[in-house]
Amino acid sequence: MFRREERESFFSSFKYKIAMKRIFFILLTLLTVAGISAQSSSKVFIPTERVHNFGKIMEKDGKVSTVFQFKNIGRKPIVIENVSAWCGCTTYSFTKTPIKPGAKGEVKVTYNPYNRPGFFSKEIVILTEGGSSYTRVWVKGDVIAFLHPV
């Protein structure tokens, strides 16, 4: 069927492919772990309140908002790079200018309870320092539903 050289060539290339796949998998795993550990919780951008509880809110009354204040306790100005809420029911606005040491910045969070009866808890992540640090805050509450016209 196959000459010995052809068989050896086939198996050596097959072993080579497996070895390359293993190396690729190991490198991919290392890069993923390095990327995850590159972000850390901010030690210098501290919220005055970490969880805001709206309590019971009436769905018919519409959107509710709160303002989270953060203090820069570091030695350098901090810029809020981005804010993520992961849900269309939660919107935000934030301080765009650098926050000097000792000064405060703000993130305004608005929750829309329309068609979302019951308990809710939403996490908001604030990225700072070029995206390498984050601070998490939450809004929560209980939406009291009303009858929607058909």
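This report describes the salt bridges, the disulfide, the largest nonpolar core and two buried strand residues of a predicted model.

**Salt bridges**

A search of the whole structure finds 2 salt bridges. In one, the side chains of Asp142 and Lys56 meet with an N to O distance of 3.4 Å. Asp142 belongs to strand 9 (residues 133-144) and Lys56 to strand 3 (residues 51-58), so this pair ties together parts that are 86 residues apart in sequence. The partners fall into separate accessibility classes: Asp142 is partly exposed, at a relative accessible area of 22%, whereas Lys56 is exposed, at 64%.

In the other, Arg136 pairs with Glu123, and the closest N and O atoms are 3.1 Å apart. Here Arg136 lies in strand 9 and Glu123 in strand 8 (residues 118-128), so the parts tied together are 13 residues apart in sequence. Arg136 is partly exposed, with 37% relative accessibility, and Glu123 is also partly exposed, with 24%. As a general principle, side chains of opposite charge can pair when their charged atoms come close.

**Disulfide**

The structure holds 1 disulfide. It is formed by Cys87 and Cys89, whose sulfur atoms are 2.5 Å apart. The torsion about the S-S bond of Cys87 and Cys89 is about 120°, so the disulfide is right-handed. Cys87 is partly exposed, with a relative accessible area of 23%, while Cys89 is buried at 2%.

**Nonpolar core**

The largest nonpolar core comprises 22 residues, of which Ile80, Val107, Tyr111, Ile124 and Ile126 touch the most other members. Two or more residues of this core come from each of strand 3, strand 4 (64-72), strand 5 (80-84), strand 7 (104-111), strand 8 and strand 9. When residues up to four places away in sequence are not counted, Ile80 touches Phe45, Phe94, Thr95, Ile99, Glu106, Val107, Ile126, Leu127 and Thr128. Val107 and Ile126, both partners of Ile80, are themselves among the residues that touch the most other core members.

**Two buried strand residues**

Phe68 is placed in strand 4 and is buried, with a relative accessible area of 1%. Its contacts, leaving aside neighbours within four places in sequence, include Glu49, Arg50, Val51 and His52, as well as Gly105, Glu106, Val107 and Val109, and further Val137, Trp138 and Val139. For Phe68 and Glu49, which are 19 residues apart along the chain, the C-alpha separation is 6.6 Å.

Thr90 is found in strand 6 (residues 90-94). At 4% relative accessibility, Thr90 is buried, a class that applies under 20%. Not counting residues up to four places away in sequence, Thr90 touches Ala85, Val109, Thr110, Tyr111, Lys122 and Ile124. Tyr111 and Ile124 also appear among the core residues that touch the most other members. Val109 is a contact of Thr90 and likewise a contact of Phe68.

**Accessibility of selected residues**

The table collects relative accessible areas for residues discussed above.

| Residue | Relative accessible area | Class |
|---|---|---|
| Asp142 | 22% | partly exposed |
| Lys56 | 64% | exposed |
| Arg136 | 37% | partly exposed |
| Glu123 | 24% | partly exposed |
| Cys87 | 23% | partly exposed |
| Cys89 | 2% | buried |
| Phe68 | 1% | buried |
| Thr90 | 4% | buried |

Methods:
Residues numbered from 1 in each chain as written. Predicted model: local features only at pLDDT ≥ 70, side-chain atom pairs only at ≥ 80, totals over all residues. Heavy atoms only, no water. Salt bridge = Lys/Arg side-chain N within 4 Å of Asp/Glu carboxyl O. Helix = DSSP H or I, 4+ residues; strand = E, 2+ residues; numbered from the N terminus. Buried < 20%, exposed > 50% of the residue type's maximum accessible area, 1.4 Å probe, protein only. Core = buried A, V, L, I, M, F, W, Y, C linked by side-chain atoms within 4.5 Å. Contact = heavy atoms within 4.5 Å. Disulfide = S-S within 2.5 Å.
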